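This report goes through a predicted protein model. The topics are internal spaces, overall form, aromatic contacts and a few single residues.

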Amino acid sequence: MKVLETHGLNIGYGKRTVLSDINLAVCKGTLTTLLGANGSGKSTLLRTLAGAQAPLGGSILFGGLPIEQLRRPELAKSLAMVFTDRTGGGGLSVEETVEIGRHPHTGLFGRLSEKDRKIVHESIEAVGMGGMKSRLCGTLSDGERQKVMIARALAQDTPLIILDEPTAFLDVAGRIEITALLRRLADSGKAIVLSTHDISSAIAVADILWIVDKTAGRLIEAPRDTAIEQGLPDRAFPGLHFDKTSYSFIL
């Protein structure tokens with residue numbers, strides 16, 4: 001079942017097109033990893049798909065409906081976003097910050113039900129922050145705040161979660177923990193799309209690869225195993241070679 005799809009999508013800034021004629025589909029129960037060199041348009045693509053940036057052309061559909069037809073509350077029930085520059089909430093506690101993720105579901109008065117509080121608790125526990133729920137976010141490390149933002153996205157309980165560098169600022173153990181969590185979410189039926197510098201782990205758990213071929217100015221979509229067999233990851237990083245045994249790029 002398709003959660004999101006694009007048709008002839010063009011992305012960029014002002015009159016500058018970064019990538020054009022993008023035709024993608026994101027389905028329930030899949031984890032998609034976006035690969036591309038710095039400056040290739042990865043963040044621009046994710047922001048455009050999330051509705052945080054207007055496309056230059058083409059269409060984005062959620063559940064068959066054009067994104068521009070969805071009101072903000074409807075969009076907030078369709079997708080959750082985690083970006084590296086969205087780690088605010090310094091004056092709020094961890095629990096209060098994660099509770100924000102439930103607001104699309106709480107109705108006019110924004111009151112949390114027992115079900116809402118249970119989801120908030122489970123989301124905090126899922127990222128390993130259960131012992132810090134009363135801490136102010138302003139007292140947390142960058143890595144801890146990143147986990148809180150992921151927990152907030154989990155609490156939003158949307159069919160699709162888009163993450164740009166979700167493991168930024170995390171140590172090795174934290175990166176493994178979050179990557180495994182995202183794989184479990186996909187296995188439970190969520191659609192996950194992520195871009196990360198932790199390439200080996202992200203490819204290892206992926207079902208689908210989106211590869212930005214910067215030289216050709218286009219985006220390639222393929223099942224992970226097919227992409228690897230055809231050597232497509234090499235197009236994301238000219239000058240490097242993808243090693244299929246270690247899921248890493250080498251000179």
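## The largest cavity

For the lining counts below, Ala, Val, Leu, Ile, Met, Phe, Trp, Tyr, Cys and Pro count as nonpolar, Asp, Glu, Lys and Arg as charged, and the others, Gly among them, as polar. On that basis, the lining of the largest cavity divides into 6 nonpolar residues, 4 polar and 1 charged. The lining residues include Leu 31, Pro 166, Leu 182, Leu 194, Ala 202 and Val 205. Thr 167, Thr 179, Thr 196, Asp 198 and Ser 201 also line the largest cavity.

The model holds 2 cavities of 30 Å³ or more, and the largest cavity contains about 60 Å³ of space. Helices α6 (172-187) and α7 (199-204) each give at least two residues to the lining of the largest cavity. Thr 179, one of the lining residues, lies in helix α6. With a relative accessible area of 11%, Thr 179 is buried. Its C-alpha atom is 9.6 Å from that of Ala 204, and the two residues are 25 apart in sequence.

## The largest pocket

The volume of the largest pocket is about 260 Å³. Its lining is made of 16 residues, and those nearest the pocket centre are Ala 76, Leu 79, Met 81, Arg 152 and Gln 156. Three elements give two or more residues to this lining: α2 (72-78), β7 (79-83) and α5 (142-156). Of these, α5 has the largest share, with 4 residues.

Sorted by class, the pocket lining has 10 nonpolar, 3 polar and 3 charged residues.

## Overall form

The secondary structure comes to 8 helices and 13 strands. Along the principal axes, the C-alpha trace spans about 50 × 40 × 35 Å. For 251 residues, a compact globule would have a radius of gyration near 18 Å, and the protein agrees with this at 18 Å. Of the 251 residues, 51% are buried.

## Aromatic pairs and a charge over a ring

The model has 3 aromatic pairs. In one of them, the ring centres of Phe 237 and Phe 249 lie 4.7 Å apart and the planes meet at 65 degrees; angles over 60 count as edge-to-face, so this pair is edge-to-face. Phe 237 is in the loop between α8 (224-229) and β12 (241-243), while Phe 249 is in strand β13 (residues 248-250), so the pair ties together parts that are 12 residues apart in sequence. Both Phe 237 and Phe 249 are buried. These two residues form one aromatic cluster with Phe 242 and Tyr 247.

Elsewhere, the charged end of Arg 47 sits over the ring of Phe 83, at 4.6 Å from the ring centre.

## Helix α1 and strand β1

Arg 47 is among the buried residues of α1. This helix (residues 42-49) is mostly covered, with 7 of its 8 residues buried. Besides Arg 47, the buried residues are Lys 42, Thr 44, Leu 45, Leu 46, Thr 48 and Leu 49. After α1 comes Gly 51, which has a positive phi near 80 degrees.

Strand β1 (residues 2-13) contains Thr 6. The relative accessibility of Thr 6 is 1%; buried means under 20%, so Thr 6 counts as buried. The C-alpha atoms of Thr 6 and Asp 21 are separated by 9.1 Å, and the residues are 15 apart along the chain.

## Positive phi outside glycine

Which residue in the loop between α5 and β8 (160-164) is considered here? Asp 157 is found in that loop. Its phi is near 55 degrees, a positive value in a residue other than glycine. Asp 157 is partly exposed, with a relative accessible area of 38%.

Phe 169 is not a glycine either, and its phi is positive at about 75 degrees. The place of Phe 169 is the loop between β8 and α6.

Technical notes: Residues are numbered from 1 along each chain as its sequence is written. This is a predicted model: local features need pLDDT of at least 70, side-chain atom pairs count only at pLDDT 80 or more; totals for chains, interfaces and linings use all residues. Side-chain values use heavy atoms; hydrogens and water are left out. Rings of Phe, Tyr and Trp (its six-membered ring) pair if their centres lie within 6.5 Å; planes under 30 degrees apart count as stacked, over 60 as edge-to-face and the rest as tilted. Buried means under 20% relative accessible area, exposed over 50%, partly exposed in between (1.4 Å probe, protein chains only). A charge sits over a ring if NZ of Lys or CZ of Arg is within 6 Å of the ring centre and within 35 degrees of the ring normal. On a 1 Å grid over the protein atoms alone, a cavity is a set of points where a 1.4 Å probe fits but cannot get out, and a pocket is an open set with protein on both sides within 12 Å along at least five of seven lines; lining residues have an atom within 4 Å of a point. Grid points are joined across faces, edges and corners, and a volume is the space filled by probe spheres set on the points. The radius of gyration is taken over C-alpha atoms; the globule rule is 2.2 Å times the number of residues to the power 0.38.
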